[in-house]
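Colleague: I should like to go through this model with you, beginning with the ligand and then turning to the sheets and domains. May I put my questions in that order?

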Amino acid sequence: MARPRPPSDDPRPGGEPAPGAASPPGGETVLPELDDSDWLHHATAFAHTSFRAVARRLPRLVREAVGLAWATNRRDTVASIGLNVAAGVLTTFGLLATTSVLRELFAAGPTPDRVRAALPALLVAAGAVSARGGLTIAAGWAQARLTPQINYQVELRLFEATTAVDLAAFDDAGFAEEMDRARDRGMAEAAWIVDHTVNLVTGVVGMVATAVAVTVIQPLLLPCLLLAAVPQAITAIRMARREYLAMLARINRRRRMWMLAHLMANRHTAAEVRSYQMRDFLLTEYRTVMAVETRAHLRLVRAQTGTRVTGAAIAGLATFGVYAVLGALLLSGMVALAAAATALLALQSARTSLGVAVVATNSLYEDALYYQDYRDFLTRARDRVTPGGGRAAAGFDTITLDRASLRYPDTDRPAVDRVSLTVRRGQVIALVGENGSGKTTLAKLIAGLYRPTDGVIRWDGVDTRELDPHSTAAHVAVMTQDWWKFPFTAGQNIRIGRHDRGPDRPGPSVREAARAAAADEMIDGLPYGYDTLLAREFRDGQDLSGGQWQRLVAARGLYRDAALLICDEPSAALDARAEHALFGHLRRRPDRAVVLITHRLANVRHADRIFVMDAGRLVEAGSHDELMAAGGLYRELFDLQASGYLARAPHPDDTVPC
Ligand SMILES: Nc1ncnc2c1ncn2[C@@H]1O[C@H](COP(=O)(O)OP(=O)(O)OP(=O)(O)O)[C@@H](O)[C@H]1O
C-alpha cells in the first residue's frame, strides 16, 4: 500500500500549484488545484495493473529483494528465510501430530486409556507448536535486524552518490527530480521490499505446509482447503485495491491539508501569517478541505465494510460447502473424524497464510516500482561524476581561461560566452557587471565548480581536465553569494572551511579568521560563545541576523586559507564597519589570488585588474583608472553609484518629462 507522506520543510515543485490551474469542480476550495506529485507517478500505474500481472513479475522481484538483503547481511538473510521455512515444516508436523492426538482421543475405550494413548502424539504436537513459535520469533528477530541495516546501507549509497556528482548535475531538472524521487520514496522502499518478500515466503510456506499436512492426512481434503481459501484471497485483494484507489482519489486533498497544516504550524511562516492576519483564511480553507476529506473517508469505510460483508458471506458459504463435503466424506467413511477435525484447523491456518501472501504480493510489487527509481538514480548519478585526470595539482601561479563558455542545461544562450582571462597568484581581480551578466557563473568556472562546456581552463598551462579535481579543489575557497545556514556551532561553522586541517598545515586559527571577518566579538556575545549551536530547531539553539551569518561565512572562507579565494558579494549584508574590516583582509598577498565579485564598486577600485561582464561576454578589462578613462560600461556603473553619495546628486524624481 502507498504510505502517504507528509510534505518536507521545503515545498517541493510537485507540491506547488500548477501554473494557471483552475479551481477544482465542486468548489471545494478557493486555492488552485494541485499538480500531481512526482512521488505519485507509479501509484497510478500500479492502480491499473491486474493482480495477475503483479503475480507474474513476482519471481524477479523476489530475486531482487533477496539479492539486496544478501548484499546487506548474509547471516540475517539466511536466518529470516530459513527459520520461516523451518517453522513451516513444523506446522506440517504439528498438524500431523494433532491428527494422531485426535485419532487416539476419538478411539473407542475408557477415557484415561485414550488420553494415555494420545500422550506421545500430544507431546510431539506441543513440541512442534512451541518450536514453531520459537522459530517464528527468531525469524522475526532476523527480519527486524535486516530492516535498519538495509535502510542505512541504501541511505549511505544514496548520499555517497549525491555528494560525488558534479555540481552541474543539480542544474539538470531531470536529475534533480530523479534525486527527489530516489530520496523521498525509493530509498525508504528498500527495506520494505525485503520485508514484503519475507512475508510472502512466510505466507507461501505456511500454505504449502498446510497443504502437505492435509494431503498426508487425506488427499481428498486438499480441494476443500483451496475451495475455502479462494474467497478469502479474492476479498483480501479487492479490499486492498479499493483502499488503494480511494487513497489515490483522495491524495491531492490530503496533500492540500498537509500544506495548510504546514503553514499554520511552522516557525518560518508564523510571522507572516500573523502580520497578514491569515489565520481565518487558512482555517476556513482547512475546514473546507477537511469536510470533503472526512466524507470521502467515511464513504471508503462504508464501502470496505460492504466488501468485507460480501467476502465474509461468500467465505461463509464456501466454509459451509467444505463442511458439507467433509460431512459427506465422514458419512461415507472415506475420512476419519480425527482427520476431519484437523482439516478444520488446517483451514484456519491456510487462510491466515494466504492473507499474508496476498497482501505481501501487492505491496512488494508497488514498492519495487519505487525502489527501481532509487536504483535508476544511482546508475544515473554514477554517470554524472566527471572522471578527473590523474595529475595532482600542487598549486598555481596562473589560472588561464581560454575562450571558456558555460551553457546551463535547457537554456538558449551561454551564461558565460567565450571568456579569456588570467588570474595570477598575488593579485586581486574583480568581476563586475549588471545582474545576470554571468559573474557568479564565471567565478564558479574559475573555482572549478563547473567545467566549461566549451573552451579550456589551465592551471600553469596544464588543462584542468588532466588534473585530479580533489587536488585542485583543495587550493580553492569560495565565499558563495547564496550560503547555507549550517546547523552547527559557531566554531564548527568556521572550522568546516577546512575540517581536515592537519597540525602541520599553517593557517589562521578559528578565532583569527573570525576576527578578520569582524565576527569574533559577535560570537563571544552569544550565550555559549563559539560553542553556541546556530539552529533554532535544537535545544539552546540560536539564530543570527543576515549580516552576522555573512560574517561567519567570510570567516569560514578565510579559515580555509586557500591559494585562490573567491568572494561572491561577500559584504552584501555587512554594515559599513564589518565591510571595512573584511576588505582590509582581502588585500593582496603574495601566496594568494583573490577573485572579488561585488556591486559596490568602491570596493574594487584597488583591484589589480577589473573584468567587466555583460550578457555573458567579457566586455572590458583593466585597472580602475584605465576603465574610468575608457568611459565604457564600468564608468557608467561607477558614476551612477558614486552620484548617490554626492551632496547634490540628482534624484530620480527630479527628472521632469518635457
Ligand atoms: N543554475 C542555473 N541554471 C540556469 N541558468 C542559470 C543558473 N544560474 C544562473 N543562471 C542564469 O545565468 C545567467 C548568469 O547568472 P549569474 O548568476 O552568473 O549572474 P550574475 O552576474 O552573478 O548576477 P547577479 O549580479 O544578480 O548575482 C543569468 O541569466 C541566470 O539566469
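Colleague: By class, which residues make up the shell around the ligand?

Modeller: Please bear in mind that this is a predicted model. There are 13 residues around the ligand. By class, the shell has two nonpolar, two charged and nine polar residues.

Colleague: Which helix gives the most to the shell around the ligand?

Modeller: The residues that come nearest to the ligand are Tyr 408, Ala 415, Asn 435, Thr 440 and Thr 441. The helix in question spans residues 439-447 and gives three residues to the shell. That helix is α11.

Colleague: At about what angle to β1 does α11 run?

Modeller: Helix α11 lies across three strands, namely β1, β2 and β4 (454-459). These strands belong to an open sheet with antiparallel pairing and the order β2-β1-β4-β5. Relative to β1, the helix runs at about 130 degrees.

Colleague: Which residue in β2 stands opposite Thr 400?

Modeller: Strand β1 covers residues 398-406 and pairs with β2 in the antiparallel sense over six bridges. Strand β2 (416-424) is an edge strand, as is β5 (462-463), and each pairs on one side only. Opposite Thr 400, in β2, stands Thr 422.

Colleague: Why is one side of β6 and of β10 left without a neighbour in the sheet?

Modeller: These strands belong to an open sheet of six strands with mixed pairing, in the order β6-β7-β8-β3-β9-β10. Strands β6 (476-479) and β10 (617-622) stand at the edges of this sheet, so one side of each has no neighbour there, as each has a single partner strand.

Colleague: Which residue in β9 stands opposite Val 432?

Modeller: Strand β3 (residues 428-433) pairs with strand β9 (residues 609-614) in the parallel sense, over five bridges. Opposite Val 432, in β9, stands Val 612.

Colleague: Which helix packs on the sheet and touches β6 and β7?

Modeller: The twist of the six-stranded sheet averages 15 degrees from one strand to the next. The helix that touches β6 and β7 covers residues 546-560, and its direction makes about 175 degrees with that of β6. This helix is α16.

Colleague: Which element gives the largest share of the side of domain 2 that touches domain 3?

Modeller: The domain assignment places domain 2 at 398-475 + 563-646 and domain 3 at 487-561. Their contact takes 11 residues from domain 2 and 10 residues from domain 3. On the side of domain 2, the elements that give two or more residues are β7 (564-568) and α17 (576-585). The largest share, five residues, comes from α17.

Colleague: By class, how many residues on that side of domain 2 are nonpolar?

Modeller: The C-alpha centres of domain 2 and domain 3 lie 26 Å apart. The side of domain 2 that touches domain 3 has one polar and two charged residues. Its nonpolar residues number eight.

Colleague: How far apart do the end C-alpha atoms of residues 117-142 lie?

Modeller: An unreviewed UniProt entry annotates residues 117-142 as a transmembrane region, and its further spans under that annotation include 305-323. In the model, residues 117-142 are 100% helix and 0% strand. Their end C-alpha atoms lie apart by 39 Å.

Colleague: What share of residues 401-640 is strand?

Modeller: The unreviewed UniProt entry gives these residues the annotation "domain: ABC transporter". The end C-alpha atoms of this span lie 30 Å apart, and 30% of the span is helix. The strand share is 23%.

Definitions and conventions
Residues are numbered from 1 along each chain as its sequence is written. This is a predicted model: local features need pLDDT of at least 70, side-chain atom pairs count only at pLDDT 80 or more; totals for chains, interfaces and linings use all residues. Domain bounds come from an automatic or database domain assignment. Two residues are in contact if their C-beta atoms, placed from the backbone, lie within 7 Å. Helices (H or I, at least four residues) and strands (E, at least two) are DSSP runs, numbered from the N terminus. Ala, Val, Leu, Ile, Met, Phe, Trp, Tyr, Cys and Pro count as nonpolar, Asp, Glu, Lys and Arg as charged, and the others, Gly among them, as polar. A residue is near a molecule or strand if its C-beta atom, placed from the backbone, lies within 6 Å of it. Two strands pair if DSSP finds at least two bridges between them. Axes are lines fitted to C-alpha atoms, for helices over the stretch in contact, and angles run from 0 to 180 degrees between N-to-C directions. UniProt positions are given in the numbering used here, feature names are shortened, and annotations may be inferred rather than shown by experiment.
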